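Student: Could you take me through one part of this structure closely? I would like to see how a single helix and its surroundings fit together.

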Amino acid sequence: MTGRGLATLLLCGSLTACGGAPDSTAATAPGERLYALHCSACHQRDGRGIEGVQPALAGAPTVAGDLQPLIRWVLFGERPPALVSQRRASVMPVFGWLSDDEVAAILTHVRGAFGNGSTPVTAAMVGAERRLRH
Ligand code: HEC
């Protein structure tokens, strides 16, 4: 088993709970692949999350709404107004260490998949939020 596969197993308890190992997506688009690698262990491959643990990204107002709060949540963990507060058995790590390109690809995937029909995110938009913050 690869290191990544092991990390997935530790995070999820079993590979089936995560919808399969991230390695199996090597031939897919970058955003989908990066989502599988960094996000799907919690939000699941189908974006439906797990009740009481991680919220669904399918149909989430934070995902479909303004880009600024969405980008700032992923980069800095700054809580978006549309994120419903509830007791959850998990917390989300911040992803400021990903590149602008990577965050843009992931968010474009998330906004376009799972029945969400929102506009893509560019690396320039992500870069602008990063510069505003620092
Ligand atoms: C370790 C688990 C975990 C990982 C990995 C993770 N998240 Fe999350 N995510 C959460 C939790 C838990 C919340 C809810 C946080 C809260 O309410 O404080 C959340 C909330 C969100 C929301 C807001 C949803 C809503 O209902 O408004 C978005 C958007 C989001 N995550 C995107 C991502 C993206 C994109 C990635 C990958 C780059 C990612 N998450 C990786 C656990 C995770």
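Tutor: Here is a walk from one helix to the ligand and then to the loops. Keep in mind that this is a predicted model.

Start with helix α5, residues 67-76. Of its 10 residues, 8 are buried, so the helix is largely enclosed by the rest of the structure. The buried ones are Leu67, Leu70, Ile71, Arg72, Trp73, Val74, Leu75 and Phe76. What covers them? The cover includes α4, α6 and α7. Just after α5 comes glycine 77, with a positive phi near 75 degrees.

Now take one residue from α6. Arginine 111 lies in this helix, which spans residues 100-112. Arginine 111 is in contact with Leu67 and Leu70, among others. Those two leucines are among the buried residues of α5. Other contacts of arginine 111 include Val63, Ala64, Asn116 and Val121.

Arginine 111 is buried, yet it has no salt bridge. A salt bridge needs a side-chain nitrogen of Lys or Arg within 4 Å of a carboxyl oxygen of Asp or Glu. The nearest side chain of opposite charge, aspartate 66, is 7.7 Å away from arginine 111. What does the arginine side chain have instead? One of its polar atoms lies 2.8 Å from the backbone oxygen of valine 63.

Next, the ligand. A polar side-chain atom of tryptophan 73 lies 3.4 Å from a ligand nitrogen. Threonine 62 places a polar side-chain atom 2.4 Å from a ligand oxygen. For arginine 79, a side-chain N or O atom is 2.8 Å from an oxygen of the ligand. Three elements give two or more residues to the shell around the ligand: α3, α4 and α5.

The shell has 22 residues, and Cys39, Cys42, His43, Thr62 and Met92 come nearest. By type, the shell divides into 15 nonpolar, 5 polar and 2 charged residues.

Finish with the loops. Most residues other than glycine have a negative phi. Glutamine 44 has a positive phi, near 75 degrees. This residue sits in the loop between α3 and α4. Glutamine 44 is buried, with a relative accessible area of 12%; the cut-off for buried is under 20%. Phenylalanine 114 also has a positive phi, near 60 degrees. Its place is the loop between α6 and α7.

Technical notes:
Residues are numbered from 1 along each chain as its sequence is written. This is a predicted model: local features need pLDDT of at least 70, side-chain atom pairs count only at pLDDT 80 or more; totals for chains, interfaces and linings use all residues. Side-chain values use heavy atoms; hydrogens and water are left out. Helices (H or I, at least four residues) and strands (E, at least two) are DSSP runs, numbered from the N terminus. Buried means under 20% relative accessible area, exposed over 50%, partly exposed in between (1.4 Å probe, protein chains only). Lys and Arg count as positive and Asp and Glu as negative; His and the chain ends are not counted. A polar contact is a pair of N or O atoms within 3.5 Å; within protein, one must be able to donate a hydrogen and the other to accept it, and residues adjacent in sequence count only if both atoms are side-chain atoms. Contact means heavy atoms within 4.5 Å. A residue is near a molecule or strand if one of its heavy atoms lies within 4 Å of it. Ala, Val, Leu, Ile, Met, Phe, Trp, Tyr, Cys and Pro count as nonpolar, Asp, Glu, Lys and Arg as charged, and the others, Gly among them, as polar. Lists of a residue's contacts leave out its neighbours within four places in sequence.
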